[in-house]
Amino acid sequence: MPFFPFWVHIRIGLAVAFSAAGFLLVGFANAEWMALLGVIITSASSGIGETTFLAYSSNFNKNVVSTWSSGTGGAGVIGSLSYATLRSLGVSPRDTMLIMLIFPFIEALSFWILLRRPATVLPVTHVDSTEQLIVDDKPLEGFKEKFSYIKQLVKYMVPLALVYFFEYFINQGLFELVFFENSVLDQASQYRWLNVDYQIGVFISRSSVNIFQLDKIWLMSVFQFINVAYFLTEVIYFYTPSIWITFAIVLWEGLLGGGAYVNTFYRMSKEIPPGRRQFAMAMVVQSDSYGIALAGFLSIPVHNAICSLPAAVRSITW
């Protein structure tokens, strides 16, 4: 959507409507295609909302990036924890989805009533010359100019996409196969609470940028690849003796994903000229979606291949 007009109210309206429609479709699904359509619509809501809100944040102080990122991390914790808790209390999946309809309402209320409108004039950063200001801070106009500018954003996009590719390869293809027989939690509950644990890690790291910054995002992609190696071998050989070790590694996985996200956009808020920041953020934020989508396609055959292997037996337990 970075190439489309930035009609913020229309975009947020679509995000809210799609979110509510997704919950309703999944909740009332009586066929698999309805549930899948609900998931697709909800994902579209997330994508529209993320690109719009993050681009909109360019009109505020750069610290808004850290609070925005913290909010997205908190949303993950609240969403996963709410679902896991409601299901543990015996609430049906349909009723759980209907309860979740409160969140699109809160989103609309927050944007149109609670949010303070930004100043219309962007702050001008220090420049060495008028020529530099004209060249560097001139807003991008037209498809060709915007498309040409993307190559300057690759240094932000590639590391972020890699982190999310590895992260969601784990989440979509391997998480479901992690199972500890000696746990008080059944397999479905283990999956839900591992997701809560992951979201807690994301929340912590997305809330940390005002305390700790890391410019080398590529380093997080390396660590996330190591996590892939661990989970891939774990679901094949079942060698981890305790579920708590896996919980710790999942927390670390979330810390890496959230850290890559917030540090990328915090760095951009300092390095990208204000006049180009809105397009740049709307463009770069899509890179995590590219990684997630690619991970989804790859995780399906890998998941199926692992399921076709002989079932492993955990020989060491604590």
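Me: Hi! At roughly what angle do the axes of helix α11 and helix α12 cross?
Reply: Hello! In this predicted model, the axes of α11 (residues 243-271) and α12 (residues 274-284) cross at roughly 165° and come within 10 Å.

Me: Parallel or antiparallel, then, for α11 and α12?
Reply: Roughly antiparallel. That follows because angles over 145 degrees count that way, and this pair crosses at roughly 165°.

Me: And what is the handedness of the crossing where α11 passes α12?
Reply: The crossing of α11 and α12 is right-handed.

Me: Which residues make the contact there?
Reply: From α11 you have Thr-264, Phe-265, Met-268 and Ser-269. Arg-277, Ala-280, Met-281 and Val-284 come in from α12. By class, the contact of α11 with α12 has 5 nonpolar, 2 polar and 1 charged residues.

Me: Nice. Moving along the chain, how do the axes of α12 and helix α13 sit?
Reply: Helix α13 covers residues 286-307, and its axis comes within 4 Å of the α12 axis. The two cross at roughly 10°, which means that α12 is roughly parallel to α13.

Me: Who touches whom in that pair?
Reply: On the α12 side the contact uses Ala-282, Met-283 and Val-284. On the α13 side it uses Gln-286, Ser-287, Asp-288 and Tyr-290. Sorted by class, that contact has 4 nonpolar, 2 polar and 1 charged residues.

Me: What about helix α7, at what angle does that pack with α12?
Reply: Helix α7 (residues 142-149) packs with α12 at about 80°, and their axes are 11 Å apart. That makes α7 roughly perpendicular to α12.

Me: Which side chains should I click on for the α7 contact, I mean which residues are in it?
Reply: Pick Glu-145, Lys-146 and Tyr-149 in α7, then Arg-276, Phe-279 and Ala-280 in α12. They divide into 3 nonpolar, no polar and 3 charged residues.

Me: Changing topic: how many cavities of 30 Å³ or more are there?
Reply: The count comes to 1 cavity of 30 Å³ or more. The largest cavity has a volume of about 30 Å³.

Me: Which residues line the largest cavity?
Reply: The lining is made up of Gln-213, Leu-214, Asp-215, Asn-263, Tyr-266, Arg-267 and Lys-270.

Me: And how does that lining divide by class?
Reply: The lining of the largest cavity has 2 nonpolar, 2 polar and 3 charged residues.

Note on methods. Residues are numbered from 1 along each chain as its sequence is written. This is a predicted model: local features need pLDDT of at least 70, side-chain atom pairs count only at pLDDT 80 or more; totals for chains, interfaces and linings use all residues. Side-chain values use heavy atoms; hydrogens and water are left out. On a 1 Å grid over the protein atoms alone, a cavity is a set of points where a 1.4 Å probe fits but cannot get out, and a pocket is an open set with protein on both sides within 12 Å along at least five of seven lines; lining residues have an atom within 4 Å of a point. Grid points are joined across faces, edges and corners, and a volume is the space filled by probe spheres set on the points. Ala, Val, Leu, Ile, Met, Phe, Trp, Tyr, Cys and Pro count as nonpolar, Asp, Glu, Lys and Arg as charged, and the others, Gly among them, as polar. Axes are lines fitted to C-alpha atoms, for helices over the stretch in contact, and angles run from 0 to 180 degrees between N-to-C directions. Angles under 35 degrees count as roughly parallel, over 145 as roughly antiparallel, 65 to 115 as roughly perpendicular and the rest as oblique. A crossing is left-handed if the near helix is turned anticlockwise from the far one by less than a right angle, and right-handed if clockwise. Contact means heavy atoms within 4.5 Å.
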